[in-house]
Amino acid sequence: MTTAHQQRPAAERPAPFTIRGKEVSECEWEQERRNAAERFKKSGCPARAVDWVKAWQRGTIKSARDDWANHLESVQSAFCGTGATFALVSEGRGTGKTTLATAAARHVCEQGASVIFQRAAFLLSRIRASFQREARENEHAIIREFLKPRLLILDEMGERKESEWEGHVLSNLLCARHDDARDSILIANHDAATFTATVGESIADRMREAGGVIEFRWPSFRARSRE
Ligand SMILES: Nc1ncnc2c1ncn2[C@@H]1O[C@H](COP(=O)(O)OP(=O)(O)OP(=O)(O)O)[C@@H](O)[C@H]1O
Ligand SMILES: [Mg+2]
């Protein structure tokens, strides 16, 4: 019989519940799981990518390419309060950029931090709408909202007008996030050189310090799934 003061052999002891290396009760662990799921739900990541990532994490589906998983590993391992700014780029469509950013978002939510996923054009049109006299929000409040999350994902960076004003807004936001040690992922359908030229030198230079441009050099997964 095992008395209260006797240690049971390790094999008989249930695995402890931990959150980021700290031992917690089962109840706290369950609550943290629910909080992470809620943060991920609120992040705005696209439903199709969310479903794919959940199935991939459960092991129901596999990545069609190892280099996709390697890119995810490089991005996730850099997210440690360094203010990394990554660009995920490919000339062709359907290479898994949005899905990879969504997987990174889930990882960040599980690390106890918040994420915002937004298309660049939607953010810019929201700011433009705030200039109307009858607008219910102002530009500063919107910028503050996008400065806050640990990870900001701006998708379809190439699908905007690329006016000087848009360049200034995005550059100010992303430089401030980088300087404040907050991570960002920028997604565009460009080659690396075009992306660096269009994003502007302030961001490009910061990306050399922490982060970088990752090119997805393979054909569309969409074409593959129709075969
Ligand atoms: N690693 C992967 N292995 C297999 N299929 C994948 C992988 N990543 C994404 N997919 C699938 O490929 C399709 C395209 O993915 P996704 O939308 O992320 O690509 P994208 O590069 O963002 O495309 P676009 O350039 O059109 O924005 C989706 O149906 C997705 O489920
Ligand atoms: Mg996409």
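**Entry 1: getting my terms straight**

Helices here are DSSP runs of at least four residues, and strands are DSSP runs of at least two, numbered from the N terminus. With that in hand I looked up Ala 105, and I found it in helix H4. I also noted for myself that this is a predicted model.

**Entry 2: the whole chain**

I began with an overview. I found 10 helices and seven strands in the protein chain. Along the principal axes, its C-alpha atoms fill a box of roughly 75 × 50 × 35 Å. The chain has 227 residues, and 31% of them are buried. I then looked at contacts with a separation of 6 or more, and 80% of these link residues 24 or more positions apart.

**Entry 3: the sheet**

In what order do the strands of the open sheet stand? I read off E4-E5-E6-E3-E7, five strands with parallel pairing. Strand E4 (115-119) and strand E7 (211-215) are at the edges, and each has a single partner strand, so one side of each is left without a neighbour in the sheet. From one strand to the next, the twist averages 10 degrees.

A reminder from my course fits here: strands of a sheet pair through backbone hydrogen bonds, either parallel or antiparallel.

Next I checked what packs on this sheet. Helix H8 (residues 192-199) touches E3, E6 and E7, and its direction makes about 140 degrees with that of E7. Helix H9 (residues 201-209) lies across E3 and E7, and it runs at about 105 degrees to E3.

**Entry 4: strand E6 up close**

I wanted to know how many of the residues of strand E6 (residues 183-188) are buried. The count is six of six, so I wrote the strand down as mostly covered, using the cut-off of 20 or more other C-beta atoms within 10 Å for a buried residue. I then sorted the residues by direction. Asp 183, Ile 185 and Ile 187 point one way, while Ser 184, Leu 186 and Ala 188 point the other way. Both groups are buried.

E6 has a parallel partner in strand E3 (residues 85-89), joined to it by five bridges. As an example of this pairing, I found Ala 87 opposite Leu 186. Strand E5 (residues 151-155) also runs parallel to E6, with four bridges between them. Here I noted that Leu 151 has Asp 183 as its bridge partner, and Leu 152 has Ser 184.

**Entry 5: the nonpolar core**

My notes say that in soluble globular proteins, nonpolar side chains tend to be buried together. I went looking for such a group here. The largest nonpolar core has 44 residues. Those with the most contacts inside it include Ala 87, Leu 151 and Ile 185 from my strand notes, along with Ala 104 and Ala 105. Helix H4 gives the largest share of this core, seven residues.

Is Ala 105 buried or exposed? I counted 28 other C-beta atoms within 10 Å, and 20 or more is the cut-off, so Ala 105 is buried. Leaving aside its neighbours within four places in sequence, its contacts are Phe 40, Ser 43, Cys 45, Val 115, Phe 117, Leu 151 and Ile 153. One of these caught my eye: Cys 45 is 60 residues away in sequence, yet the C-alpha atoms of the pair are 8.0 Å apart in space.

I looked up Ala 104 in the same way. Beyond the residues up to four places away in sequence, Ala 104 touches Leu 72, Val 75, Gln 76, Leu 151 and Ile 185.

**Entry 6: two positive phi angles**

Most residues other than glycine have a negative phi. I found two exceptions to write down. Glu 156 has a phi near 50 degrees, and it sits in the loop between E5 and helix H7 (164-179). With 17 other C-beta atoms within 10 Å, Glu 156 is partly exposed. Ala 181 has a positive phi of about 60 degrees, and its place is the loop between H7 and E6. Ala 181 is partly exposed as well, with 13 other C-beta atoms within 10 Å.

**Entry 7: around ligand 1**

Which residues come nearest to ligand 1? Of the 17 around it, I listed Ser 63, Gly 96, Thr 98, Thr 99 and Phe 221. The elements that give two or more residues to this shell are helix H2 (47-58), helix H4 (97-110) and helix H10 (221-226). By class, I counted five nonpolar, eight polar and four charged residues in the shell. H4 therefore turns up twice in my notebook, in the shell and in the core.

How values were computed. Residues are numbered from 1 along each chain as its sequence is written. Chains are lettered from A and ligands numbered from 1 in the order in which they are written. This is a predicted model: local features need pLDDT of at least 70, side-chain atom pairs count only at pLDDT 80 or more; totals for chains, interfaces and linings use all residues. A residue is near a molecule or strand if its C-beta atom, placed from the backbone, lies within 6 Å of it. Ala, Val, Leu, Ile, Met, Phe, Trp, Tyr, Cys and Pro count as nonpolar, Asp, Glu, Lys and Arg as charged, and the others, Gly among them, as polar. A residue is buried if 20 or more other C-beta atoms lie within 10 Å of its own, exposed if 12 or fewer, and partly exposed in between; C-beta atoms are placed from the backbone. Two residues are in contact if their C-beta atoms, placed from the backbone, lie within 7 Å. Two strands pair if DSSP finds at least two bridges between them. Axes are lines fitted to C-alpha atoms, for helices over the stretch in contact, and angles run from 0 to 180 degrees between N-to-C directions. A nonpolar core is a set of buried Ala, Val, Leu, Ile, Met, Phe, Trp, Tyr and Cys residues joined through C-beta atoms within 7 Å.
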